Amino acid sequence: MMVIEDSAKPAHKRERTCAGCGEKADAAGFVRLVLGPACEIAVDAAGGGFGRGAHVHGRFACIAKACRGGLSRAFKAQVQANAEALAIEVSAAFLRRADGLLLAARRAGATAQGADEARAALASGAPLVVVAVDAASVVQRSEIARAIAEGRACAWSTKSELGRMLGREEVAVCAVTDARMAAAIVRAVSTADGARSGVRVDATSESGLQVSSMIRLADSRSTKSDRGEGAEQTPSAEQFVRRSGEEDR
Ligand SMILES: [Zn+2]
């Protein structure tokens, strides 16, 4: 009689080891890298690509450490990789994935683009709002500002780039109504941010990397009560846009 053990586990529940820091965790928390035929490294942002794989946390420190030997060990091959170039590649791959997920959400009818539609979707519980980094006027509207304050927002791309994806000339803001798709978009954008957070700014702009920014304001809100202060810890909507814009330089 055959006994099926590990193979019966779903792929996303399998434990993997970071090629940088050596920590073990669920595969879903890692960036998967694959080795091409000429020992070149490709980023498998969707996580299901063929080829020998290695896993690394989506943060620059782990990517840099992996480039100093961890990847060669993981791939059992001599791999030459530049940490900054790989981090930029990881970041770009995850922004492309975020684009793809947003397109898929639109095709599935799970987006509400435009300020009025997005506000209505948020009011009825949409889990995420995507804000273009150059959309200062829109984030001042109360529902969208509240979504940002609640950490239900992420920003990447410009109005014209979002418009191109969503079939309009310009889209400043777009709500995502499907929880699973919203979570996947948030993960892709935060991985993109984490990977390039230690990269020199000039290296980032040389690569033509798109701007991205995750907003994690829920954390800053929880520290407010710890300090016993009524002072506003949560950045305003305008600060949010300014910050996102700063990362462009
Ligand atoms: Zn790590």
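This tour moves through the structure one selection at a time and states what is found at each stop.

**Before starting**

The model is predicted: local features are reported only at pLDDT of at least 70, side-chain atom pairs count only at pLDDT 80 or more, and totals for chains, interfaces and linings use all residues. Residue numbers start from 1 along each chain as its sequence is written.

**The whole chain**

Display the entire protein chain, which has 10 helices and 10 strands. Helices (H or I, at least four residues) and strands (E, at least two) are DSSP runs, numbered from the N terminus. Of the 249 residues in the protein chain, 40% are buried. A residue is buried if 20 or more other C-beta atoms lie within 10 Å of its own, exposed if 12 or fewer, and partly exposed in between, with C-beta atoms placed from the backbone. Among contacts in the protein chain between residues at least 6 apart in sequence, 69% join residues at least 24 apart. Two residues are in contact if their C-beta atoms, placed from the backbone, lie within 7 Å.

**Strands 3, 4 and 5**

Select these three strands, which form an open antiparallel sheet in the order 4-3-5. Strand 4 (41-44) and strand 5 (53-56) are the edges; each has a single partner strand, so one side of each lacks a neighbour in the sheet. From one strand to the next, the twist averages 35 degrees. Strands pair if DSSP finds at least two bridges between them. Strand 3 (residues 31-35) meets strand 4 in the antiparallel sense over four bridges, and Leu-33 has Val-43 of strand 4 as its bridge partner.

**Helix 1 and helix 2**

Add helix 1 (residues 60-75), which lies across strand 3 and strand 5 and runs at about 150 degrees to strand 5. Axes are lines fitted to C-alpha atoms, for helices over the stretch in contact, and angles run from 0 to 180 degrees between N-to-C directions.

Next, show helix 2 (83-107). The axes of helix 1 and helix 2 come within 9 Å and cross at roughly 130 degrees. Phe-60, Ile-63, Ala-64 and Cys-67 of helix 1 make the contact with Ala-83, Leu-86, Ala-87 and Val-90 of helix 2. The two helices are therefore oblique to each other; angles under 35 degrees count as roughly parallel, over 145 as roughly antiparallel, 65 to 115 as roughly perpendicular and the rest as oblique.

In the loop between helix 1 and helix 2, select Lys-76. Its phi is near 50 degrees, a positive value in a residue other than glycine. Is Lys-76 buried or exposed? Lys-76 counts as exposed, with 10 C-beta neighbours inside 10 Å.

**Helix 3 and its surroundings**

Move to helix 3 (residues 115-123) and colour the buried residues Ala-115, Ala-118, Arg-119, Ala-121 and Leu-122. Viewed down the axis of helix 3, these residues fall within an arc of 165 degrees, so they line one face of the helix; the arc is that of the directions from the helix axis to the C-beta atoms. The face turned away from the buried side of helix 3 carries the exposed residues Asp-116 and Ala-123.

Which elements do the buried residues of helix 3 pack against? They pack against strand 6, strand 7, helix 4 (136-139), helix 5 (142-149) and strand 9. The axes of helix 3 and helix 5 come within 9 Å and cross at roughly 55 degrees, which makes helix 3 oblique to helix 5. Here Ala-118, Arg-119, Leu-122 and Ala-123 of helix 3 meet Glu-143, Ile-144 and Ala-147 of helix 5. After helix 3 comes Gly-125, whose phi is positive, near 100 degrees.

**Strand 9**

Select strand 9 (residues 173-176), which is covered on both faces: Val-173 and Ala-175 on one side, and Cys-174 and Val-176 on the other, are all buried. In a regular strand the side chains alternate between the two faces of the sheet. Strand 6 (residues 111-113) pairs with strand 9 in the antiparallel sense over three bridges, and strand 7 (residues 128-131) does so over four bridges. Centre the view on Cys-174, the bridge partner of Gln-113; Val-130 also stands opposite Cys-174.

**Last stop: Ser-157**

Finish in the loop between strand 8 (153-156) and helix 6 (159-166), where Ser-157 is found. The phi of Ser-157 is near 75 degrees, a positive value in a residue other than glycine. Ser-157 is buried, with 26 other C-beta atoms within 10 Å.
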